[in-house]
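Visitor: I should like to examine this model with you, beginning with its side-chain contacts and ending with its pocket.

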Amino acid sequence: MNFGFIREALPQVLAAVPVTLEMAVLATVAGWILGILIAVVRRNHIPVVSQICAVFVSFIRGVPMVILLYVSYYALPMMIYSATGIDTTSIPAIWYAIVALSLDQAAYSSEVFRAALDSVNRGQLEAAWSVGMTTWQAMCRIIFPQAMAVALPNLSGLFIGIIRGTALAYYVGVYEITATANLLATPGLNFIEAYVMTTLIYELISFICNRLFGSAENRLNRFRPKTAV
């Protein structure tokens, strides 16, 4: 084990942590928003749109992440140029990676949100209407808090998964934690040391995120519907 390499490379690898977190957080926010919309559409069986959403979820869940990254990075700019004539080649690769990660997160989180919404008794929505609440007010004040209490444990797993998934962004030229470690290890073939570093960094990030999600779960437990399993 070359501890000298670890001592010299560690600051540079740590400097790439914000890139990994930026991709994970932005993709998660975009993916969860899209996932909620898909879940609501499918739960309400909106004609045509519901079927399109179902196909989207099935398709994205069946495609490997690395393929989504390649399609986003190589095919998406060509499709945009063909449709609009706009050249997007100057857009940094990280944004294409975020698009791919967001789509993946949307597909998986939509199923989590749909199951969570189904766990809330629909009679509560009708009760809210009876006291003069609009559907939007009822969803925000009654339905969504209970659904999030049910969904959060699974959503935390999806977030940890997307942090691991950011390592694949190396294939489209994004220098996050794994890519930076590989780049530094190549001249001296110090790959074992590089992978030990990245393992410890990812484990530390996952530990911190698990603690944060655990704290959020404890706060939301008071909203958990009594009928939820």
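The exchange below treats salt bridges, aromatic pairs and the largest pocket in turn.

Guide: This is a predicted model, in which local features need pLDDT of at least 70 and side-chain atom pairs count only at pLDDT 80 or more, while totals for chains, interfaces and linings use all residues. Residues are numbered from 1 along each chain as its sequence is written, and side-chain values use heavy atoms, with hydrogens and water left out.

Visitor: How many salt bridges does a search of the whole structure find?

Guide: Side chains of opposite charge can pair when their charged atoms come close. The criterion here is a side-chain nitrogen of Lys or Arg within 4 Å of a carboxyl oxygen of Asp or Glu. By that criterion, the search of the whole structure gives four.

Visitor: Which residue meets Glu111 in a salt bridge of 2.8 Å, N to O?

Guide: Glu111 lies in helix 5, and its partner is 69 residues away, in helix 2; helices (H or I, at least four residues) are DSSP runs numbered from the N terminus. Glu111 is partly exposed at 22% relative accessible area, whereas the partner is buried at 16%; buried means under 20%, exposed over 50% and partly exposed in between, with a 1.4 Å probe and protein chains only. The partner is Arg42.

Visitor: Which residues are joined into one network by salt bridges that share partners?

Guide: Glu111 also meets Arg114 in a salt bridge, at 3.2 Å from N to O. Those two residues both lie in helix 5, three residues apart, or about one turn of the helix. Arg114 is partly exposed at 23% relative accessibility. The network consists of Arg42, Arg61, Glu111 and Arg114.

Visitor: How far apart are the closest N and O atoms of Asp118 and Arg43?

Guide: Asp118 lies in helix 5 and Arg43 in helix 2, so the pair ties together parts that are 75 residues apart in sequence. Asp118 is partly exposed at 47% relative accessibility, while Arg43 is buried at 17%. The closest N and O atoms in this salt bridge are separated by 3.0 Å.

Visitor: What geometry do the rings of Tyr73 and Tyr96 adopt?

Guide: Rings of Phe, Tyr and Trp (its six-membered ring) pair if their centres lie within 6.5 Å; planes under 30 degrees apart count as stacked, over 60 as edge-to-face and the rest as tilted. The whole structure holds seven aromatic pairs. In this one the centres are 5.7 Å apart and the planes stand at 85 degrees, so the geometry is edge-to-face.

Visitor: Where do Tyr73 and Tyr96 lie?

Guide: Tyr73 is partly exposed at 28%, and Tyr96 is buried at 6%. Both belong to one aromatic cluster with Tyr70, Tyr74 and Tyr171. Tyr73 lies in helix 4 (residues 65-84) and Tyr96 in helix 5 (residues 93-118).

Visitor: Which elements give two or more residues to the lining of the largest pocket?

Guide: A pocket is an open set of points on a 1 Å grid over the protein atoms alone, where a 1.4 Å probe fits, with protein on both sides within 12 Å along at least five of seven lines; lining residues have an atom within 4 Å of a point. The lining of the largest pocket includes Arg43, Arg122 and Trp136. The elements asked for are helix 2 (17-43) and helix 7 (135-165).
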